[in-house]
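Here is a short report for a reader new to this structure. Have the sequence and the model at hand while reading.

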Amino acid sequence: MLCQSCNMKDANVHFTEIINDKKVELYLCNECAQEASQNNLICPININDFFTGMIANCESETRQSNFHLVACNKCGMSFEQFQKTGKLGCEECHKVFKKKLRPILKRLHGDLQHNGKNPCEEAISKISEKVSKSAYDEKSDVIEKSVKTGKPEKTPDEIETLKNDLNKAIQSEEYEKAAELRDKIKLLKNNEISEK
Amino acid sequence: MTSWYIAKGPESDVALSSRVRIARNLKEYPFPNKLDGNQALLITNRISNVLKTDATLKSKAFKYYDLARLNETEKNVMIEKHLISPDIVKCCNECGVFISRDEKISIMMQEEDHIRIQCMLPGNQIENVLEMCMEIDNIFEKNIKYAFNEEFGYLTSCPTNVGTGIRASVMLHLPALTMTGLVKGMLTACSKIGIAIRGIYGENSESLGQIYQISNQVTLGQNEKEIITNVSSVVFQIIEQERLVRKELQKQNKNLFKDRIMRAYGIMTNAEIMSSQECLNLISEVRLGINMGILKNIKIETLNKIMLLIQPGNLQKHYEMSLNERERDIMRSKLIKELLNPIKE
């Protein structure tokens, strides 16, 4: 968002001003905010509150579509409530308000896809332990051989495709397939390391 | 054993401490703002069981503190040690905290999220702190089911934390960059790459004692390692800059530089009444003096101890009495004299 005073730089300070008992909110860049506070007209607000301001900013649009009345079926949190507090009520809220959350997350993080740690990996390893090992021994032997003879520079791509397949398998709850894919990835990775 | 607050960590001339906290919620329960007291107790019990049964966690000797049963001073001591956040004190939903014996790990229950795992170490060693946090998180993950989805990662009450749920921060002492005003430029530069710099004591951007916290803002899209690398590379840059400017300032006007530090030292060791605000600013000058080789007889550890003990909660705990503001200002000076000139007193 651009500074509402100079319209040139990015706004990163949220200012609140009380004029004739009316609250006026402004988003300013550092320079303009400094100038404003020197003029003693505006009191600066903690940057954490900035976020609640960002949600409230899309309020008019939300009202038009009546989305503010939408409530979570699990905890009862309405979107209007969320806009006021900046806090969601439960896991289900993330699904119910997904459509409106996406633009907020995009603004906050610049991204929409989680890339970090994944608890599913843990779950799959547990499941795969249960699957009888012998059934996969033969297959892994084959993979091992093919990897050893294959060109090393090709492995990273291969791992990527396998990882994608793995995610798909998890989503469609095909855990046996997932376990198989996980083993393949593991083999390829080990092979890569030993080659280095 | 020296407590970690007092110990000197890596790059202690600029870096005071490193902290990582991760936010997690359990799958089947609503978040703390929609949670009832019984559910909150159930969650706390589950965590308590994991802490008691897992061998690794058991060895850390966690102790549980129910916030409703602590008095103001006890809570302030924990806030000043960063073991709990000021926000959790305002929560009223059966919240509490598990603290490890060495006070390096605290697990806040029912603050904004069900679980907030936080690890801290002295100096600049954010990578090690992340490892500590992840170890605990992995153990928890084997025993409880977290709220998670493929798209948004770990689900948190506030959208600012979704994804990895990680907030990594390093506390830096930046007197030279503050004096020269260069810190403001860094603030702008960092905000562009999703890193925040803020003064840790005092309101708004005005920092007391020239201590700043460098932390990541982005939690979604980057993985844990990327977040940490991002923070630590910014921290590395700032540390280098601070060292450079310190040397430059000292070179430009040696007497002025020394005068400033010796005056601060003089006030600190002789004053009879001292507010915590004044004290934090004096500590800053003295710390700079020690690190620039001007004050040779004071250990950084002593200063770290002073910095912790002069804060209202810890000061009252140290003297085991309840003190009003005026009394605190007097006892604060007394404490500093005791710690800095043990021979004279």
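Strands E2 and E3 (residues 96-99) of chain B run antiparallel, and four bridges join them. One residue pair shows the link: Tyr64(B) has Phe98(B) in E3(B) as its bridge partner. The model is a predicted one.

**The sheet**

Where do E2 and E3 sit in the open sheet of chain B? The sheet has eight strands, in the order E2-E3-E4-E5-E1-E8-E10-E9 (chain B), and the pairing is antiparallel. Its edge strands are E2(B), residues 63-66, and E9(B), residues 195-199. Each of these two pairs on one side only. From one strand to the next, the twist averages 20°.

**A helix across the strands**

Helix H8 of chain B spans residues 224-252. H8(B) lies across E1, E8, E9 and E10 of chain B. Its direction is at about 10° to E8(B). Three of the strands that H8(B) lies across are listed here with their residues.

| Strand | Residues |
|---|---|
| E1(B) | 15-24 |
| E8(B) | 166-173 |
| E10(B) | 211-216 |

**A helix with buried residues**

Helix H11 of chain B covers residues 300-309. Which of its residues are buried? They are Leu303(B), Asn304(B), Ile306(B), Met307(B) and Leu309(B). In an α-helix, residues three or four places apart point the same way, because there are 3.6 residues a turn. The buried residues of H11(B) pack against three helices of chain B: H10 (276-291), H12 (312-318) and H13 (325-340).

**The chain as a whole**

Chain B holds 13 helices and 10 strands. Its C-alpha trace spans about 65 × 45 × 35 Å along the principal axes. The radius of gyration of chain B is 21 Å, which agrees with the value near 20 Å for a compact globule of 345 residues. Of the 345 residues, 45% count as buried. Among contacts in chain B with a separation of 6 or more, 67% come from residues 24 or more positions apart.

**The side that touches chain A**

How many residues of chain B are in contact with chain A? The number is 36, and they meet 29 residues of chain A. Helix H5 (126-143), strand E6 (148-149) and helix H7 (182-192) of chain B each give two or more residues to this side. H7(B) gives the most, with three residues. By type, the side of chain B that touches chain A has 13 nonpolar, 15 polar and eight charged residues.

Note on methods: Residues are numbered from 1 along each chain as its sequence is written. Chains are lettered from A and ligands numbered from 1 in the order in which they are written. This is a predicted model: local features need pLDDT of at least 70, side-chain atom pairs count only at pLDDT 80 or more; totals for chains, interfaces and linings use all residues. The radius of gyration is taken over C-alpha atoms; the globule rule is 2.2 Å times the number of residues to the power 0.38. A residue is buried if 20 or more other C-beta atoms lie within 10 Å of its own, exposed if 12 or fewer, and partly exposed in between; C-beta atoms are placed from the backbone. Two residues are in contact if their C-beta atoms, placed from the backbone, lie within 7 Å. Ala, Val, Leu, Ile, Met, Phe, Trp, Tyr, Cys and Pro count as nonpolar, Asp, Glu, Lys and Arg as charged, and the others, Gly among them, as polar. Two strands pair if DSSP finds at least two bridges between them. Axes are lines fitted to C-alpha atoms, for helices over the stretch in contact, and angles run from 0 to 180 degrees between N-to-C directions.
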